[in-house]
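Got your viewer open? Here's a short tour: I'll tell you what to select, and you take a look around.

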Amino acid sequence: MLSHAAFISGDTAATVEFYAGLLGMELVAAVLDDAIPSTGEPIPYFHSFFRMGDGSTIAFFEAPELPAPSADSHPAYATFRHFAMEVGSTADVDAWHEWLTSNGVDVLGPVDNGIIYSIYFRDPDGNRLEITTPLDPTWNDNATAARASLAEWEQVKAQARSSGQGMASVLAELTRRRSHRRAAGLKED
């Protein structure tokens, strides 16, 4: 089970207002220290923990003496890096959408991702968050297919490298081949 995932906070009071006040997670633990125990680095910090419905926590470090983080080298980094929280139904996702937007939070979605239904938004520090619910109850219980997809991904990367084509082109061709095979009633390669 997840113990906690940790992020950086530029302002713990704003983080508490957002996660406890807006998202309803209780502030359940805090640590103040003048050095990081695992490394001994002399960095004063405040470490806060917020409990989610299943008992796991999301945590934050505020270290006022740290410089501002550097910008991502590509916008996709700020999209891919996110923290997803699960709720019980699409109606719950829609209710969160309504609640967040009514409180001035910019929300993307809802988005039907095929296997999950989600909304996306950012916390005061710009961390991307997702509230989601499964559309397919077996979405995360298919190890055999995941291994096959990994092998296919490695093959696509190798083909892109050897042909000089970009990944998007190679993946688009694979998608076209699959669509044609499905339309013809043939098994996918």
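Select S118 and T132 to begin: S118 stands opposite T132 in strand β8. You're looking at a predicted model, by the way. Now widen the selection to residues 116-122 and 128-134. Those are strands β7 and β8, which run antiparallel and are joined by seven bridges.

Next, bring in the rest of this sheet. In what order do its strands lie? The order is β5-β8-β7-β6, an open sheet of four strands with mixed pairing. Try colouring β5 (82-86) and β6 (108-112): they stand at the edges with a single partner strand each, so one side of each has no neighbour in the sheet. Neighbouring strands here are turned by 20 degrees against each other on average, direction ignored.

Stay on β6 for a moment and pick P110, which lies in that strand. Zoom in on the bond between G109 and P110. Is this peptide bond cis or trans? It's cis, with an omega of about 15 degrees. That's worth a pause, given that most peptide bonds are trans.

Now show residues 90-102. This is helix α3, and it lies across β6, β7 and β8, running at about 20 degrees to β7.

Time for the other sheet. Which strands stand at its edges? First, the layout: four strands form an open sheet in the order β1-β4-β3-β2, and the pairing is mixed. The edges belong to β1 (4-8) and β2 (26-33); each has a single partner strand, so one side of each is left without a neighbour in the sheet. On average, neighbouring strands in this sheet are turned by 20 degrees against each other, direction ignored.

Select β2 together with residues 45-51, which make up β3. The two pair in the antiparallel sense over seven bridges. For one facing pair, click E26: it stands opposite R51 in β3. Then add helix α1 (residues 12-22), which lies across β2, β3 and β4 (57-62) and runs at about 5 degrees to β3.

Last stop: two helices. Select α4 (residues 143-163) and α5 (residues 167-183). Their axes come within 9 Å and cross at roughly 125 degrees, and the two helices are therefore oblique to each other. The crossing is right-handed.

Where do they touch? On the α4 side, show E152, W153, V156, K157, Q159 and A160; on the α5 side, they meet M167, V170, L171, L174 and R178. Sorted by type, the residues of this contact come out as seven nonpolar, one polar and three charged. As you look at the spacing, remember that an α-helix has 3.6 residues a turn, so residues three or four places apart point the same way.

Here's a quick check you can follow with a distance tool. At 1.5 Å a residue, the 17 residues of α5 should span 24 Å, and its end C-alpha atoms are 24 Å apart, which agrees.

Finish just after α5, at G185, which takes a positive phi of about 75 degrees.

Technical notes: Residues are numbered from 1 along each chain as its sequence is written. This is a predicted model: local features need pLDDT of at least 70, side-chain atom pairs count only at pLDDT 80 or more; totals for chains, interfaces and linings use all residues. Side-chain values use heavy atoms; hydrogens and water are left out. Two strands pair if DSSP finds at least two bridges between them. Axes are lines fitted to C-alpha atoms, for helices over the stretch in contact, and angles run from 0 to 180 degrees between N-to-C directions. Contact means heavy atoms within 4.5 Å. Angles under 35 degrees count as roughly parallel, over 145 as roughly antiparallel, 65 to 115 as roughly perpendicular and the rest as oblique. A crossing is left-handed if the near helix is turned anticlockwise from the far one by less than a right angle, and right-handed if clockwise. Ala, Val, Leu, Ile, Met, Phe, Trp, Tyr, Cys and Pro count as nonpolar, Asp, Glu, Lys and Arg as charged, and the others, Gly among them, as polar. The expected span of a helix is 1.5 Å times one less than its number of residues.
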